[in-house]
Amino acid sequence: IMDKRFCCDLPYPPVEVTCPDPACVPILRDLYAGQRSELGAITQYCYQSFLLGLQDEELSGMLRGIAIVEMHHLEMLGKLILLCGGSPVFAGGRRRWWSGSFPNYCRNPRGAVQASLRGEMDAVGAYQAAATAIHDPKIQAVLRRIAMDEEHHVKLLREALQRPCCRR
């Protein structure tokens with residue numbers, strides 16, 4: 001169940017397309033399972049949550065909560081890929097298969113949170129660029145809404161850097 005503390009406080013638009021367009025699939029697949037993607041974010045946040053749970057249970061819970069929001073993003077992107085005529089395989093736009101080597105496995109709490117912060121900042125830009133590149137207003141609405149969650153994650157991670165375990 002998604003915890004509302006970890007996502008933007010606005011409803012998600014319906015996951016639908018105006019007209020199926022296979023040209024959208026590579027762009028969506030990069031967001032879905034490319035090298036820096038929702039799938040990568042989910043695995044990175046899970047790793048960080050497990051690792052930091054021994055040092056800061058509250059921070060671990062936040063990272064787990066963000067991972068669940070990212071799972072919702074993955075689900076929406078997978079549905080958009082299907083609606084555009086593609087298959088939601090775990091590969092980026094050029095069929096480069098997703099790899100467990102993509103997430104950042106930093107073991108230092110500050111470094112881990114900084115890596116996730118950089119990833120979220122990159123994600124905001126990637127979603128905004130994708131919304132510009134795709135001309136379907138229904139897909140654009142979903143992408144822009146996801147970007148709002150990523151902006152919220154930036155705020156949460158910046159706050160997390162002030163926690164005692166992240167100051168070192």
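**Salt-bridge exercises**

Asp122 is partly exposed, with a relative accessible area of 38% (buried is under 20%, exposed over 50%, partly exposed in between; 1.4 Å probe, protein chains only). The model is predicted, so local features need pLDDT of at least 70 and side-chain atom pairs pLDDT 80 or more, while totals for chains, interfaces and linings use all residues. Residues are numbered from 1 along each chain as its sequence is written, and side-chain values use heavy atoms, without hydrogens and water.

**Exercise 1.** Determine which side chain meets that of Arg36 in a salt bridge, and place both partners in the chain.

*Solution.*
Step 1. The partner of Arg36 is Asp122, with an N to O distance of 2.4 Å; a salt bridge requires a side-chain nitrogen of Lys or Arg within 4 Å of a carboxyl oxygen of Asp or Glu.
Step 2. Arg36 belongs to the loop between α1 (25-33) and α2 (38-52), whereas Asp122 sits in helix α4 (residues 109-133). Helices are DSSP runs (H or I, at least four residues) numbered from the N terminus.
Step 3. The two residues are 86 residues apart, and the pair links distant parts of the chain.
Step 4. Arg36 has a relative accessible area of 67% and is exposed, while Asp122, at 38%, is partly exposed.

**Exercise 2.** Is Asp56 buried or exposed, and which residue is its salt-bridge partner?

*Solution.*
Step 1. The relative accessibility of Asp56 is 9%, so Asp56 counts as buried.
Step 2. Its partner is Arg163, and the closest N and O atoms of the two are 2.8 Å apart.
Step 3. Asp56 lies in the loop between α2 and α3 (57-83), and Arg163 in the segment after α5 (137-160). The pair therefore ties together parts that are 107 residues apart in sequence.

**Exercise 3.** State where Glu75 and Lys79 lie, and how many residues apart they are; then give the N to O distance of their salt bridge.

*Solution.*
Step 1. Both Glu75 and Lys79 are in helix α3, 4 residues apart, which is about one turn of the helix.
Step 2. Their side chains meet in a salt bridge with an N to O distance of 3.5 Å.
Step 3. Glu75 is partly exposed at 41% relative accessibility, and Lys79 is partly exposed with a relative accessible area of 42%.

**Exercise 4.** Which residues are joined into one network by salt bridges that share partners, and how many salt bridges are counted?

*Solution.*
Step 1. The network consists of Asp56, Glu58 and Arg163.
Step 2. The count comes to 9 salt bridges.
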